[in-house]
Amino acid sequence: MKSRSTLVTWLSELDGSRLARVLATRKDAASSPEPRSVGELADRLQRPGSVALVLPQLTLPCLQAAEALAALGARATRDSLAELLGSTSPAAVHALDATLAALSDRALVWHDGNGALRTPTPLRQAWSTPLGLDAPLEELLAGATSEELRGMLAVLGVKPPGTKQQRLAALVEHHSDAERVAALVAGAPAATRKSLEQSARSTPRQSLFVLSGAPGRDLRPGARWALDRGLLLQDRHWHGPVRMPVEVALALRGPDWHAPFEPLPPVAQLVPVTSSEVEQEAAVAATAFAAHAASVLLACATTAPARLKSGGIGARELARLGKAAQADDAVVRLALETAYAAGLLAHDGDRVPPTEAYDAWAEQEPAEQLAVLLRAWRDLPLTPTRARDQDDKALPALAGAPDCGGCLQARHGLLTAAAGLPAGQGVKAASELGPLVAWHRPLADDASPEDTAPFSTVIREGELLGVLARGALSPLGANLAAHADGELDITARRLLPPATTTALLGADLTAVVSGTPSARLAALLDSTADRETSGTASVWRFSAGSIRRALDTGRTPDDITADLTAGSATALPQPLTYLITDTARSHGRVRVAAAACVVHGDEPALLAELAAHRALSTLALRQLAPTVLVSGSPPATTLAALRAAGYAPVAETAGGTVRIERHRPQRAAAVPSPRRNVGPHGPRTTAIHASVMPSDTGMDALADRLLKAPPTAPEPDPFGSGVPFATDTEEIVAGYAKHLSYSDVRQVAHAIDTGAAITVEYVATSGNRTVRTLSDLELDPPYLDAWCHLREAERVFTLSRIHGVMPA
């Protein structure tokens, strides 16, 4: 607990502003409540998950310094870190101090008062082999005996001290001297020296020394020499790989080797831009996106898009929405994903209709609408415009893909990188922001197959939204980067014009709206005309079909004329007035009525009597002519009702002749005898035959049997086999993998628990079926993290999409 006590002391000594930054960082990084004391904060900083959440937010030099600190371990000091990173010049030392200050602000490093740099325990665990180095000598020798340490010191020519701790300290002191280790290896046999030098520059997994079995067996030439001197170590039982301590590896890499350290961001080619130019271009882009987004969501409100069986909105629905909104695929996907994240859309069965929040959103000004979508975009844990997966298959929108922390960091890195550009300067080409994003967020996700340059997809999204303009961060982007949501609303209202409430109606039967039409005006024009274009200017065209569509909703010609007059900037053109009048004149001349059957006869008085008969009101009879009635009930029901009322109707055929009614005698279906109910594995009896009580059983026996029955039937297991789950893993997998049989569930659970490889039949988000061999499975319900042998990369699989399992 020494590390925790030192951390508590350091935190308690921080001034208020610096401690507030640490608290803010940890509050943003984790979803747990804000810590109430320094001790509670220190405990939280020691948790592995806390460090894992903070590391993706670090810049490249912070991440490189943190890895170097993890490699140095307890021996880390400011000087040793500077030497390892090659930061010895005054400028480099200044950059390293700034990097350490940034790590200190996140409570990832602090001075312990004795010149050493201390780090949270989980930081070393974030890298299995930091800088390709193994653990320190002291850690690797933790299980060694005192006699083994004495033997190593004796071979090295060092007089062994008395106690085990003293011997361990003496050996660590000897191997910490890089010159002594280099001189020692220089006198080793040639084969040993060559192997040691090669192993020092490789990762532990690539070491040339791999031993197993008893001492003296399966040893590579010269390995015994290195083991005797502590240059290589293996556990006392001679199991597992031989390991090289970090002190030895660093000594053999030589004084000229330095860990990578890039304290300054990449140099981008900049061009001068004025704030007015940036604001003007950003306003145009933001206005166009707001108009397109409103059109996409209006199309969803008119006809909710259908979901694919595999989930998400497919290419056909995306094309329909794009055609209705006159927007390309990227804009449609961006509008759908941001609207869904903002709660404006929701899944409802096999459809994705708008929510009640959409109605309030649609009544807002374009600036307020855009601000809602911008905030949703900033916090999206995915790349909304991504249309292809890693296998270059088409991806549906709103497919419910697992959260992608790297995608979120890419967006935050873009905002940070653009915010760091000099005032009045922008990059010459937007693609030059990619290396800057990689420097600000090295762990950001840049795996989109559509990217022609690093992070080109997320950069393009920023341009579509008006966050980036002329290669610089717009005022909208600056508010997003600073999380100034109140300022974002003000900036959006300043840049975006208010909604247009009137249209310019032309004699060519068109309606033109500059800017974003208001919700009322857009609804009016959509109901009376057909939209042709959308964007900074929208165009609708009137036709006989569009006017008829409005009349079909129950509106009168006078209502349509009055509404269009109120929404027009000028008087209604005469051609439009004529179109409304002519369409209304022919509207409704032919009527279509719903009828289940027709009742007709030769006596008008009789049919009038039937229509007025109270006993026949359930038939919903309606008189179309003196001798013709229509019934809302089918012919059989109508015949039965008329006969029950005392009339004598007859049925007609489709040809108009009287239908002869003949009733066949009813016969029971043949029931097979239990003796003849033979299945593929021999005779069996039906469940009914086995459960029916004998005919001679009395009521007392029946009651006694009912009383002895359990109050409720036991719940069967999900597979109906009666076999309970063997492990918790099986039960968890079965709860999500609904397409798998019990044997398949057991195979998946066994592979997760034992680390074995399996082959699965998987239905991807795109709907394509594929067969994958997976290993290194980790369960993260409802997902499965695994190494995909087909793609030779880590992939995330959804358990519900696994349809079959086979041995690997």
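The paragraphs below walk through two sheets, the helices that lie against them, and a surface patch in this predicted model.

A convenient place to begin is the sheet of three strands, which is open and has the order E11-E13-E12, with antiparallel pairing. Strand E11, covering residues 597-600, and strand E12 stand at the edges and have a single partner strand each, so one side of each is left without a neighbour in the sheet. From one strand to the next, the twist in this sheet averages 35°. Helix H30, made of residues 604-612, packs on the sheet, where it touches E11, E12 and E13, and its direction makes about 25° with that of E13.

Within this sheet, the pairing of E12 with E13 can be followed residue by residue. Strand E12 spans residues 622-625 and strand E13 spans residues 628-631, and the two are joined in the antiparallel sense over 3 bridges. Together they form a hairpin, with 2 residues between the strands. Ala625 has Val628 of E13 as its bridge partner, while Gln623 stands opposite Leu629, which also belongs to E13.

Further along the chain, the reader comes to a patch on the surface. Val650, Val658 and Ile660 make up this nonpolar patch, and their accessible area together is about 310 Å². One of these residues, Val658, is found in the loop that runs between helix H31 (635-644) and strand E14 (678-679).

The other sheet is also open, and it consists of 5 strands in the order E19-E18-E17-E16-E20, with antiparallel pairing. At its edges are strand E19, residues 793-798, and strand E20, residues 802-807, each of which pairs on one side only. Neighbouring strands of this sheet are turned by 45° against each other on average, when direction is ignored.

How does the edge strand E20 connect to the rest of the sheet? Strand E20 pairs with strand E16, which covers residues 758-763, in the antiparallel sense and over 5 bridges. Within this pairing, Val760 has Val805 in E20 as its bridge partner. A helix accompanies this sheet as well: H35, residues 742-754, lies across E16, E20, strand E17 (769-780) and strand E18 (783-788), and H35 runs at about 70° to E20.

Conventions:
Residues numbered from 1 in each chain as written. Predicted model: local features only at pLDDT ≥ 70, side-chain atom pairs only at ≥ 80, totals over all residues. Heavy atoms only, no water. Pairing = 2+ DSSP bridges. Helix = DSSP H or I, 4+ residues; strand = E, 2+ residues; numbered from the N terminus. Axes fitted to C-alpha atoms, helices over the stretch in contact; angles between N-to-C directions. Contact = heavy atoms within 4.5 Å. Patch = residues over 30% accessible without salt bridge, like charges linked within 9 Å, V, L, I, M, F, W, Y side chains within 5 Å. Areas by Shrake-Rupley, 256 points an atom, 1.4 Å probe, with all protein chains shown as cover. Salt bridge = Lys/Arg side-chain N within 4 Å of Asp/Glu carboxyl O.
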